[in-house]
Amino acid sequence: MVQSTPDTPGQPEQPPLSTEAHIPAAHVTLEGHFVLPQVNAPVVVFAHGSGSGRNSERNQYVASVLQAAGLGTLLLDLLTPEEETDRANVFDIPKLAQRITAAEAWVHRQPQSLSSPVGFFGASTGAGAALWAAAEPGARVGAVVSRGGRPDLAQRRLGSVQAPTLLVVGGEDHEVLELNRQAQSELRCANALEIVDGATHLFEEPGTLEQVARLASEWFVRHLPSAPTIDPQNAAPSATDPPAVP
């Protein structure tokens with residue numbers, strides 16, 4: 001369990017919670033990093049694409065912009081180091097989606113984020129997995145953002161996604177842009193497609209990743225409402241929760 005003390009009148013404001021996370025998912029444990037600016041703040045779970053993870057500078061930059069907007073973040077590796085050696089795992093969308101769902105459940109077991117609204121931020125194949133997870137019956141996700149994603153990989157489930165979904169694609173990422181246009185036509189939820197002029201797939205051009213972060217921050221702030229505060233001192237921990245601090 002992560003530990004934090006809520007602010008009380010007359011005491012200095014508590015710093016944001018920042019801790020390593022160990023998330024059980026079927027037969028593996030996923031490694032992540034969890035930041036929560038305040039109790040029950042909205043939390044964005046990152047679903048990274050191939051060759052990326054919680055230590056990616058791009059992901060950490062986007063996470064820092066979301067945190068500055070008052071959002072919590074959970075950056076995690078969807079695959080173990082052993083699994084990453086098999087390229088087929090990168091495209092195993094049902095497996096990745098199950099792990100995103102496990103991460104959302106982990107967030108809602110932590111005393112400080114029991115009532116946190118949760119959003120998914122997916123990149124590349126991770127975006128397909130995020131939308132697959134968002135389409136699960138009873139999914140507790142309030143918004144989805146795809147960055148240079150492959151929503152087409154969740155094609156047969158796109159019509160079941162209910163969370164407002166933002167697709168962000170580079171204007172020079174022609175093949176992925178066409179795939180996103182096709183996927184958007186199948187979404188039945190509130191949605192938008194934003195094209196970042198001059199950007200290629202990884203948004204490496206100057207200023208383009210900043211645009212992605214701004215668009216994502218605005219989308220999540222708009223669609224993830226603030227949750228009522230629950231004092232973590234009064235929240236009973238789950239007997240099955242693993243320690244959140246190594």
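**View 1. Antiparallel pairing of β1 with β2 in the predicted model**. Strand β1 runs from 17 to 25, and strand β2 covers residues 28–36. Nine bridges join β1 and β2, and the sense of the pairing is antiparallel. Within this pair, H22 stands opposite E31 of β2.

**View 2. The open sheet of eight strands**. The strand order across the sheet is β1-β2-β4-β3-β5-β6-β7-β8, with mixed pairing. The edges are formed by β1 (17–25) and β8 (191–196), each of which pairs on one side only. On average, neighbouring strands of the sheet are turned by 20° against each other, direction ignored.

**View 3. Helix α4 packed on the sheet**. Helix α4 consists of residues 125–134. The strands touched by α4 are β3 (43–47), β5 (118–123), β6 (143–147) and β7 (165–170). The direction of α4 makes about 150° with that of β5.

**View 4. Helix α5 packed on the sheet**. Helix α5, residues 174–184, touches β6, β7 and β8. Between the direction of α5 and that of β8 the angle is about 165°.

**View 5. N89 in the loop between α2 and α3**. The loop lies between helix α2 (81–84) and helix α3 (93–107). N89 counts as buried because its relative accessible area is 11%, under the cut-off of 20%. With neighbours within four places in sequence left aside, N89 is in contact with L79, E83, K95 and L96.

Notes:
Residues numbered from 1 in each chain as written. Predicted model: local features only at pLDDT ≥ 70, side-chain atom pairs only at ≥ 80, totals over all residues. Heavy atoms only, no water. Pairing = 2+ DSSP bridges. Helix = DSSP H or I, 4+ residues; strand = E, 2+ residues; numbered from the N terminus. Axes fitted to C-alpha atoms, helices over the stretch in contact; angles between N-to-C directions. Contact = heavy atoms within 4.5 Å. Buried < 20%, exposed > 50% of the residue type's maximum accessible area, 1.4 Å probe, protein only.
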